[in-house]
Amino acid sequence: MMEYDGGHDPSLIWQTASSGDICVAEVDGGVTGCSKAVEIEKRPTPGVGTMLRFRLVDSQGRQAWTVLLIAAGESVEKISCRQQDFPVRKAFTASVGGVLRTVYTTVVPRDLPGDYRVDVRRDGQPLADHVVINPEQVAAVQC
């Protein structure tokens with residue numbers, strides 16, 4: 001069991017035994033969906049990307065997206081855009097296709113879609129990666 005952000009409904013993340021898919025269920029909405037293991041295996045390793053769907057929430061009086069990130073071969077420390085840092089929380093880890101995949105949660109403002117910088121660690125070394133967070137497919141800012 002995990003929470004996206006303090007005060008939001010908790011969610012459950014698990015890996016199915018039969019297919020290896022990674023699934024998410026929310027308290028208020030049942031099973032939200034599953035990311036197919038065969039699709040997860042096609043993702044770049046190392047690399048980080050978004051997973052499943054985005055959820056629009058009220059965060060401290062502003063609309064924000066809760067986002068699930070999935071990393072392969074690296075650990076995510078934070079994401080940032082326009083000199084704003086957004087903390088991430090490790091939520092789940094599982095092996096998919098022989099690669100350890102870690103799911104993280106974060107919350108970003110609705111009005112800040114773009115290509116976010118992701119501070120990661122690969123083999124103990126700090127590096128920068130990136131992830132596009134633009135659920136509504138609108139004109140994105142340059143982060």
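Reader: Taking a salt bridge to be a side-chain nitrogen of Lys or Arg within 4 Å of a carboxyl oxygen of Asp or Glu, how many salt bridges does the structure hold?

Author: This is a predicted model, in which local features need pLDDT of at least 70 and side-chain atom pairs count only at pLDDT 80 or more, while totals for chains, interfaces and linings use all residues. Residues are numbered from 1 along each chain as its sequence is written, and side-chain values use heavy atoms, with hydrogens and water left out. On that footing, the number of salt bridges in the structure is 10.

Reader: How many residues apart in sequence are the parts that the pair of Arg122 and Glu74 ties together?

Author: The side chains of Arg122 and Glu74 meet in a salt bridge, at 2.4 Å from N to O. Because Arg122 belongs to strand 11 whereas Glu74 sits in the loop between strand 7 and strand 8 (75-81), the pair ties together parts whose separation in sequence, in residues, is 48. The elements named here are DSSP runs numbered from the N terminus (helices are H or I, at least four residues; strands are E, at least two). The separation asked for is thus 48 residues.

Reader: Is Glu74 buried or exposed?

Author: The terms rest on relative accessible area, found with a 1.4 Å probe on protein chains only: buried means under 20%, exposed over 50%, and partly exposed in between. Arg122, the partner of Glu74 in the salt bridge, has 23% relative accessibility and therefore counts as partly exposed. Glu74 has a relative accessibility of 7%, so the class for Glu74 is buried.

Reader: With which Asp does Arg122 form a salt bridge?

Author: In this salt bridge of Arg122, the closest N and O atoms are 3.2 Å apart, and the partner is Asp129. The partner has 14% relative accessibility and so counts as buried, whereas Arg122 itself is partly exposed. The residue asked for is Asp129.

Reader: Which residues are linked with Lys78 in a network of salt bridges?

Author: One salt bridge of Lys78 is with Asp85, where the closest N and O atoms are 3.2 Å apart. Both of these residues are partly exposed, Lys78 with a relative accessible area of 29% and Asp85 with 46%. The residues that share the network with Lys78 are Asp85, Arg117 and Asp119.

Reader: Which residues does Asp119 touch, when residues up to four places away in sequence are not counted?

Author: Asp119 is placed in strand 11, and its relative accessibility of 14% is why it counts as buried. Its C-alpha atom is separated by 15 Å from that of Val103, a residue 16 places away along the chain. Contact is taken as heavy atoms within 4.5 Å. With that cut-off, the residues touched by Asp119 are Ser75, Val76, Glu77, Lys78 and Leu127.

Reader: How many aromatic pairs does the structure hold?

Author: Rings of Phe, Tyr and Trp (its six-membered ring) pair if their centres lie within 6.5 Å, and planes under 30 degrees apart count as stacked, over 60 as edge-to-face and the rest as tilted. By this rule the number of aromatic pairs is 2.

Reader: What is the geometry of the pair formed by Phe54 and Trp65?

Author: Phe54 lies in the loop between strand 5 (47-50) and strand 6 (55-59) and Trp65 in strand 7, so the pair joins parts that are 11 residues apart in sequence. Trp65 is buried, since its relative accessible area is 10%. The ring centres of Phe54 and Trp65 are 6.3 Å apart and their planes stand at 70°, so the pair is edge-to-face.

Reader: What is the angle between the planes of Phe86 and Tyr116?

Author: Phe86 and Tyr116 make an edge-to-face pair, with 6.0 Å from centre to centre. Because Phe86 lies in strand 9 (residues 84-96) and Tyr116 in strand 11 (residues 114-122), the pair ties together parts that are 30 residues apart in sequence. Both count as buried, with relative accessibility of 7% for Phe86 and 0% for Tyr116. The angle between the planes is 65°.

Reader: What is phi of Gln83?

Author: Gln83 is found in the loop between strand 8 and strand 9, and with a relative accessible area of 80% it is exposed. Although Gln83 is not a glycine, its phi is positive, at about 60°.
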